[in-house]
Structure formats: C-alpha cells, structure tokens
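Let's take a walk through this one, starting with charged pairs and ending at a hole in the middle of things. Keep the viewer open as you read.

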Amino acid sequence: MVTPELFVASVTPFTSPSGVIDHTFIIRHLRWLEAQGVDGVVPCGTTGEGQSLSVAERMAIFDTVMQHRGQLRVFAGTGCAALSDTIMLTRYAIERGADAALVLPPFYFKNLSDAGLLGYYRALCDALPSSARLILYHIPPMSQIPITPAVIEGLYQSHPHMVYGLKDSGGDPAYLAMLTRRFPELRVYVGSAALLAQALRDGAAGGIFALSNVFPREMRAVMTAHLTGNDGENAQQRVTAISQALKPYGNPPAIKALLARIADLPHASSRFPLVDLTADEAEALWTTVQQITAP
C-alpha cells in the first residue's frame with residue numbers, strides 16, 4: 001500500500017487586515033511544518049487567500065517558499081480568473097522549482113461549458129514548459145465551476161504528461177470515488193478533512209488540508225491508521241470535530257489565531273474581506289480545541 005501524502009494548504013500571514021505579507025512568519029511556519037513531518041505545502045490556495053493577493057504578491061510568496069522549502073514539496077496555487085495571469089504565475093512557479101501548480105478554474109463567468117474550461121486548461125498547458133505538472137482544483141462550493149470527467153478526459157487526450165492530479169474540495173465522497181475508479185492514473189487529493197478516512201479507502205493519494213497548518217499530527221494519525229490497517233474511527237472523529245470547531249470563524253482567521261498558541265508563531269491577520277477573530281472568539285476556540293485534542 002502506498003503511503004498517503006499529507007500537504008498543507010498554507011495560510012498567508014498579513015501584518016494587518018489591509019497590510020503587507022509577513023515573510024518571516026512564512027519561513028518560521030515552514031520550519032515548524034517540516035519538523036511536524038508533513039510532505040509539502042500549497043501556498044496561495046483558498047486557505048492562503050490566493051484571490052486576495054496580487055500577481056506580484058503571489059510571486060513574492062513563491063520566492064520565499066521555494067528559497068526556504070527545505071525538504072518540503074511545493075504545489076503552487078496559481079489559478080486566476082484571467083488566463084494570462086494564470087499562465088504568468090504558473091510559469092513563474094514552475095521555473096523556480098515548484099513540483100506542480102494547483103490551478104483553480106476561471107471562476108467569474110458561471111455555467112461554463114466543458115469546451116470552454118477545457119480550452120482554458122489546454123491554453124495554459126500550451127504556454128508552459130513540457131515538464132510542468134498541473135493539479136486541477138475541483139472546488140465548486142467556492143468557484144461554482146466543477147472539474148468534470150469530460151474536462152479531465154480531454155486533457156489526457158491532449159496533454160497527458162502534464163496532468164499530475166486533482167484536488168477534490170467538492171465535499172461529495174461519491175464524486176471522489178468515481179474519479180479514482182475512472183482515472184486510476186490521476187492522483188486525487190481530498191480537500192475535506194472530514195472525508196479523509198473515506199477518501200483513503202476509495203483510493204485517494206492523500207490530502208491537502210487547511211487543518212494541516214496547525215494539526216498535522218492529527219491528520220497524519222488518520223493516514224497512519226489507514227496504512228497499518230488499524231481502526232481509525234477515533235482519529236477521524238477528532239479531525240472532524242476540529243474542522244467543525246473552526247467552521248463558524250472561517251479557516252484562515254481561525255488557523256492564524258491557533259498558530260500563535262500551538263506553533264509559537266507571532267500574531268498574523270487575514271486580509272479584508274475576511275475578519276480576524278476577536279480576543280474572546282480566539283479564547284473560546286482555543287478552549288474548544290483543547291477539549292477535542294486532550295488525550
């Protein structure tokens with residue numbers, strides 16, 4: 001059995017809700033994550049507030065992450081509404097050594113045809129070095145643009161060597177199971193922590209999680225139970241409970257509040273329109289998390 005891969009949908013720390021990026025925080029967080037045994041990081045995705053960042057800011061984050069990655073693998077979040085921006089960011093990340101690019105579909109225009117979405121991804125592939133590897137980002141709750149089997153099949157027909165995987169944050173375990181059966185060569189990474197155990201049973205290669213920023217050991221415990229054939233129900237229930245505890249606050253602000261307590265990192269803000277937790281909210285969340293994770 002192949003060891004499942006644990007990736008972190010890493011947060012982007014800001015000095016204030018309208019401030020600049022704290023690159024020193026990023027470096028310290030990378031070292032902490034590497035010490036916790038995660039396999040890699042995914043900067044500038046949903047948890048990383050990628051759509052609240054300019055192209056130049058994302059490039060600067062990629063530079064910091066690539067220079068201080070250590071042994072961590074890097075899937076760079078490069079998807080934008082504009083094809084030209086996606087091409088620029090993806091090429092930049094790949095040329096600087098990212099292992100793959102996680103590419104959100106163009107999200108502004110809704111009800112896209114498969115032909116339109118396929119054309120977008122094919123144009124991206126055509127503009128990249130042949131060595132580039134892409135991870136398609138299926139997150140219809142946010143983008144409202146699904147990655148359909150027809151789009152995956154079309155990319156395998158035109159650019160089979162460039163399709164590395166897919167992150168499934170759709171929240172539908174039946175869809176993930178269908179993908180692993182229909183495309184056994186596709187590395188499917190689950191994005192919902194509550195579905196991790198089920199996704200591994202259905203053939204997922206691993207997961208890319210917001211919770212891994214601060215609870216990598218709890219996430220790894222679910223994977224270890226799967227790998228060893230042990231009962232992972234308790235580990236999965238703990239992860240699900242943590243996920244539910246964060247939900248009322250939104251993942252980026254909640255995770256940043258917890259990182260200061262658990263990883264000894266400085267205070268970091270989210271960027272507007274997201275709102276940081278109040279002191280009382282942060283204390284209440286910390287109390288709840290301590291109760292969930294207590295031995």
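A residue counts as buried when its relative accessible area is under 20%, and as exposed when that area is over 50%, with partly exposed in between. Keep in mind that this is a predicted model. By that yardstick Glu5, at 12%, is buried, while Arg187, at 25%, counts as partly exposed.

Those two residues form a salt bridge, with their closest N and O atoms 3.1 Å apart. Glu5 sits in strand S1 and Arg187 in strand S7, so the pair ties together parts that are 182 residues apart in sequence. Arg73 joins Glu5 and Arg187 in one network of salt bridges that share partners.

The whole structure has 11 salt bridges. Another one pairs Asp39 with Arg220, again with 3.1 Å between the closest N and O atoms. Here Asp39 is in the loop between H1 and S2 and Arg220 is in helix H9, so the bridge links parts 181 residues apart in sequence. Asp39 is partly exposed at 26%. Glu95 and Arg96 also meet in a salt bridge, at 3.9 Å from N to O.

Now for the hole. How many cavities of 30 Å³ or more does a search of the whole structure find? Just one turns up, and it holds about 110 Å³ of space. Of the 14 lining residues, Ser10, Val11, Ile26, Pro43 and Val65 lie nearest the centre. Helices H1 and H2 each give two or more residues to the lining, with H1 giving the most, five. The lining has 11 nonpolar, three polar and no charged residues.

How values were computed. Residues are numbered from 1 along each chain as its sequence is written. This is a predicted model: local features need pLDDT of at least 70, side-chain atom pairs count only at pLDDT 80 or more; totals for chains, interfaces and linings use all residues. Side-chain values use heavy atoms; hydrogens and water are left out. On a 1 Å grid over the protein atoms alone, a cavity is a set of points where a 1.4 Å probe fits but cannot get out, and a pocket is an open set with protein on both sides within 12 Å along at least five of seven lines; lining residues have an atom within 4 Å of a point. Grid points are joined across faces, edges and corners, and a volume is the space filled by probe spheres set on the points. Helices (H or I, at least four residues) and strands (E, at least two) are DSSP runs, numbered from the N terminus. Ala, Val, Leu, Ile, Met, Phe, Trp, Tyr, Cys and Pro count as nonpolar, Asp, Glu, Lys and Arg as charged, and the others, Gly among them, as polar. A salt bridge is a side-chain nitrogen of Lys or Arg within 4 Å of a carboxyl oxygen of Asp or Glu. Buried means under 20% relative accessible area, exposed over 50%, partly exposed in between (1.4 Å probe, protein chains only).
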